[in-house]
Amino acid sequence: MSKNRQSAMDVGVFPQAELSPQVAAVIEAIETDIIRGIILPRTRLIEDHLMEDYNAKRHVVRAALTELQRLGVVVKPPHLGARIRRFDAQSLEDLYHLRAVLHRAAVEAMPLPVEEHRLGPVREAAQAHAQAAASGDLIAIHRTNMAFHRLFYGLCCNPYIAESIRLHDWLSFPARAYAIADRQALERACDEHAHMVQALVDTDRSRLVELALGHMRPAWQIYAEKYLSR
């Protein structure tokens with residue numbers, strides 16, 4: 001496991017869960033295939049196929065699907081089996097509206113200026129994400145991005161807001177995933193992370209709000225163009 005990926009795991013990739021390495025590996029493989037566009041929205045996740053694709057035992061695959069269902073990435077409609085969540089236009093708008101409310105609330109609750117012992121890890125997380133982006137390792141890009149968001153929004157000192165944001169990061173993953181491999185969107189994300197850190201240094205709350213809300217827009221647009229315009 002790379003240093004970036006390990007550091008992402010260290011800050012808690014899976015909220016409120018302790019997973020075996022085997023289950024975590026299957027989840028990582030599914031995430032990677034979603035990001036690469038191999039698994040598309042509403043794709044059925046058939047246990048026998050996943051066992052073969054990921055060289056995993058049935059109980060491991062089931063545990064991975066259960067965890068992804070808990071996080072909202074996988075849904076199990078009655079009589080249809082497990083599949084990747086697909087958003088329609090209204091549900092996507094509703095989700096991003098809630099995320100915007102949470103992100104604004106977190107920024108408005110951040111005590112400024114931020115003490116260096118709390119600012120340092122956020123700065124390091126932004127750098128780790130930039131390094132992952134340069135490496136082209138898609139899962140490392142995803143995980144370090146999640147790590148940055150957890151540390152950045154954790155500055156709000158309200159654990160309920162911070163945990164809600166982390167859970168909705170996962171819930172929105174089926175929509176956000178397709179921006180991870182988009183070079184233009186990735187470059188913008190890296191730039192915005194750096195600007196968010198600088199705005200913290202500058203104690204510029206209005207700029208932080210602007211960045212936090214605008215940061216979500218590219219992934220929403222990419223998903224809408226790919227799956228809502230058809």
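Okay, so for this structure the count comes to 2 cavities of 30 Å³ or more. Keep in mind that what we're looking at is a predicted model. How do you find space like that? Rolling a probe the size of a water molecule over the atoms shows where empty space is left.

Let's take the largest cavity. There's about 280 Å³ of space in there. It has 19 lining residues, and the ones closest to its centre are Asn145, Ala179, Ala189, His215 and Ala219.

Now, which elements give two or more residues to that lining? They are α5 (89-109), α7 (138-153), α9 (173-180), α10 (183-201) and α12 (217-228). The top contributor is α10, which gives 5 residues. And if you sort the lining of the largest cavity by character, you get 10 nonpolar residues, 5 polar ones and 4 charged ones.

Since α10 gives the most to that lining, let's stay with α10 and look at a neighbour. Two packed helices are described by the angle between their axes and the distance between the axes. For α10 and helix α11, residues 205-214, the packing angle is about 160° and the axes are 9 Å apart. An angle over 145 degrees counts as roughly antiparallel, so that's what α10 is to α11. Their crossing is left-handed.

So who's touching whom? On the α10 side we have Arg188, Glu192, His195, Met196, Ala199 and Leu200, and on the α11 side they meet Arg207, Leu208, Leu211, Ala212 and Gly214. Sorted the way we did the cavity, this contact has 6 nonpolar, 2 polar and 3 charged residues.

Conventions. Residues numbered from 1 in each chain as written. Predicted model: local features only at pLDDT ≥ 70, side-chain atom pairs only at ≥ 80, totals over all residues. Heavy atoms only, no water. 1 Å grid on protein atoms, 1.4 Å probe; cavity = no way out; pocket = protein on both sides within 12 Å on 5 of 7 lines; lining within 4 Å. Points joined across faces, edges and corners; volume = space filled by probe spheres on them. Helix = DSSP H or I, 4+ residues; strand = E, 2+ residues; numbered from the N terminus. Nonpolar A, V, L, I, M, F, W, Y, C, P; charged D, E, K, R; others polar. Axes fitted to C-alpha atoms, helices over the stretch in contact; angles between N-to-C directions. Parallel < 35°, antiparallel > 145°, perpendicular 65-115°, else oblique. Left-handed = near helix turned anticlockwise from the far one by under 90°. Contact = heavy atoms within 4.5 Å.
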